[in-house]
Each structure stands twice: as structure tokens, then as C-alpha cells.
Amino acid sequence: MGNKVRRVVEAAGGILYRWRPEADVASCTDDLDNLQVCIVHRPKYDDWSWPKGKLDPNESHRHAAVRELGEETGITVELGPYLGEVEYPLSEEGKKTRRSKDRTVDSKHVMFWMARPIDAVAAEHLIDAFGPVHRADVGEIDGIVWASVREARRKLTHSTDKDLLAIFADRVREGAARSQAVIIVRHGKAEARKVWKGTDANRPITPRGAAYAFALNRELACYNPTRLATSPWMRCQETLQVLSWQTDRPMIHIDELTEDAFAEDPGAAWRCFRREIDGALADRQNTAICMHRPVIGGMFEHLRAMCTTKILGKRLIAKSPYMPTGNAIVLHVVSSPAGPHIIDIQKVAPIVY
């Protein structure tokens, strides 16, 4: 008999947080003391844990995290900074202690994000782009509690969930609870310059590029971008066009982000992009901006200096093509006395099938 193949069940979830109802958010000096987190009760295991669940076929971890949070809590959310991953043997599901390091047995691998609620109007805008979310059966989740971080630490059943809460607390101390997402989108694969007979500005994306752009919508919807900005050139417009239609949110054209404008005045392109960052923080709105390969490289040069660590800055690749076509990078940005700081960077690739 051959060796048994190890099975890994992929899952995702998050720590959903909100401000305490009585908190004065504008004047809060300690975010950690003014936040509540959401934990759920699973009757099958009689445990209190973070909302999470298995990936559906052809689903990314981030999409599963948002869907599972919605199914188990009834709340539509947007993702924030990434928290980390947990892996434990399936045989330890429901047990208080998950300390086994045995990676030869069937296991569950869970990726977690910070997440916060969005209002009903924003949720309505996301339905077509994100897809359906159905409430979990009462046999799966029969209790939901909002608790302070201290209360959650006492109530959580599992050691791994308490470890994740400690990571969450560290992120909150970085300012993550007030972060905004600025998403850089590289347009979908375009028709080759050597065969295209029109102007470069009118060069469209290919059918494969359109498939990537369409699939990317599901991933971008996880971050609830309420402002959609783009280079006015055709290939960038086409990449965000369906998301704009699905969410009923207009595309804003930014002339300084075309390839020609960037080549003529890189400084003007950066100043324009920096205004988008400042606007996202000032207006408390997540922003997606579609642009071209050379423009992305120019923006990365400036953005690395805004990262809180050099390791984080290295995620902004220093050589062309910077990121694949039809992909995105999510920057989680916070305000500071010295200006905006990037505390988290997530690479986003669509699943095309």
C-alpha cells in the first residue's frame, strides 16, 4: 500500500471590529480600549471562536474571509490589514489547545484579516461584484457576541485564537483600525503595440485581459473601494469598467496618470497620486486606481519611503513589470504627524477559470 496523501483544508476568516457605541472616535487616545471585536459560538464544538470557514471551489482566501464573516455574523464587511495564518491538525478542531506541530497529518490552514462593518448602502453597491452571501444555519452558529479585547481574550476557547488576538492588538497599536485601502490596479493584458493599428491611447485589452479584469472585481470588492480612479486611456478604463457598472460607482479620469503624461512630468503624476492617498485618509474612503506599468514603477519609487519597514517596502518590486497585468496591490495607509505611512501591503491576483 502506498503512503497516505496528507489533506489540507483551506479556510479563511477575520477579526471583525467596531468602535464601542459610546466611544468618541475623533478624540480616542487608545484605540485598543475603544474597540469591540466579534466572536461566534459554534454549537457543534461548544466553543467561542473567530468567524471563519472553508473556501468554496474557485474562491480566494480573501473572498472566503469576507463571505464567511457575512454568513456567520450577518454583517457585510470590508477587509483591512492582513493578520496571519493558523494551521492545526483536523483532529484538534474544537479543542482548547492547538499546539501540535505535526505537519504529516490532515490539517486545516486558515488565513485571517482585520475587517470592519460597512453600511447598508455600501453593501448594496457590492452585491453584483462580490456575489451572494447566505446566513449560516443556526446549527453552525448559534451565538454572536461583541466584546472588548480583554473580554474576548477571556471568552475565546482556543489558544490559537488568543494568539491571533495578540497580533490584532499589535496591528491596532500601529493605527490599523483607522487605516484606508489605496489599491493600485495594473490594467488587463492589452493588444500588442506592434499589431494595433490605432493610437496607443485607444489600445484595448484582449479577451483574456477582459477575463482577468472581470475576475479581479470579486477580489477588489472585498476592500469596498468607493472611489474608482483611472488613467483615461482605453485599456485602463476597460479594466475598471465592469466594476464601475456593477457597483454603480463612477470612474474618475486622471490625465496625469497616462504613460505620456508620466514620461513628460513624473513629478506631476506623483503629486496627483499623493493627493489620492491624502483624499482617501481625509474622506475615509477606500480608493482603487488603475494605471500603466511605467507609471506604477514611478509610484513605487515614492511609496517605498512611506513603508513602516524596509521589509514591507520590498513588496513594491523595484524592477519592471512591477506586477502582472490584471493584478492589484492593496496598500493600507494610516495618518501620522510625519505624513501617510503604509503599514500593510497585499498582492491581489484574480482566479480565472
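**Notes on the sheets and helix packing**

1. Start with the open sheet: six strands in the order 10-9-11-8-12-13, with mixed pairing. Its edges are strand 10 (251–253) and strand 13 (341–348), each of which pairs on one side only. On average, neighbouring strands here are turned by 25° against each other, direction ignored. For the terms: helices (H or I, at least four residues) and strands (E, at least two) are DSSP runs numbered from the N terminus, and two strands pair if DSSP finds at least two bridges between them.

2. Before going further, a caveat: this is a predicted model, where local features need pLDDT of at least 70 and side-chain atom pairs count only at pLDDT 80 or more, while totals for chains, interfaces and linings use all residues. Residues are numbered from 1 along each chain as its sequence is written, and side-chain values use heavy atoms, with hydrogens and water left out.

3. Back in the open sheet, strand 8 (residues 180–186) pairs with strand 11 (residues 286–291) in the parallel sense, over five bridges. Ile 184 has Ile 289 in strand 11 as its bridge partner. Helix 5 (residues 207–220) packs on this sheet and touches strand 8, strand 9 (225–230), strand 12 (328–334) and strand 13. The direction of helix 5 makes about 170° with that of strand 8. Contact here means heavy atoms within 4.5 Å; axes are lines fitted to C-alpha atoms, for helices over the stretch in contact, and angles run from 0 to 180 degrees between N-to-C directions.

4. Helix 5 also packs against helix 6 (residues 234–247): the axes of helix 5 and helix 6 come within 8 Å and cross at roughly 50°. Helix 5 and helix 6 are therefore oblique to each other (under 35 degrees counts as roughly parallel, over 145 as roughly antiparallel, 65 to 115 as roughly perpendicular, and the rest as oblique). The crossing of helix 5 and helix 6 is right-handed, meaning that the near helix is turned clockwise from the far one by less than a right angle; anticlockwise would be left-handed. From helix 5 come Ala 213, Phe 214, Asn 217 and Leu 220, and from helix 6 come Thr 239, Leu 240, Val 242, Leu 243 and Gln 246. By class that gives six nonpolar, three polar and no charged residues. The classes are: Ala, Val, Leu, Ile, Met, Phe, Trp, Tyr, Cys and Pro nonpolar; Asp, Glu, Lys and Arg charged; the others, Gly among them, polar.

5. Helix 6 has another partner in helix 2 (residues 120–130), with axes that come within 7 Å and cross at roughly 135°. That angle makes helix 2 oblique to helix 6. The crossing of helix 2 and helix 6 is right-handed. On the helix 2 side you'll find His 125, Leu 126, Asp 128 and Ala 129, meeting Leu 243, Gln 246 and Thr 247 of helix 6. The tally for this contact is three nonpolar, three polar and one charged residues.

6. Then look at helix 8 (residues 266–283) and helix 9 (residues 293–303), which pack at an angle of about 65° with their axes 10 Å apart. The crossing of helix 8 and helix 9 is right-handed. Helix 8 brings Ala 269, Trp 270, Phe 273 and Ile 277, and helix 9 brings Met 299, His 302 and Leu 303. This contact has six nonpolar, one polar and no charged residues.

7. Strand 6 (residues 107–117) is mostly covered, with 10 of its 11 residues buried (under 20% relative accessible area; exposed is over 50%, partly exposed in between, using a 1.4 Å probe and protein chains only). Strand 6 pairs with strand 1 (residues 8–19) in the parallel sense over nine bridges, and Leu 16 stands opposite Ala 115 of strand 6. Strand 5 (residues 77–89) runs antiparallel to strand 6, joined by 10 bridges; there, Val 86 stands opposite Val 110.

8. Two residues are worth a click. Glu 78 lies in strand 5 and counts as buried, at 8% relative accessibility. Beyond residues up to four places away in sequence, Glu 78 touches several others, including Met 114, Arg 116, Tyr 223 and Asn 286. His 61 lies in helix 1 (residues 61–73), and its C-alpha atom is separated by 8.2 Å from that of Gly 13, 48 residues apart along the chain. With the same sequence neighbours left out, the contacts of His 61 include Glu 10, Leu 55, His 109 and Trp 113.
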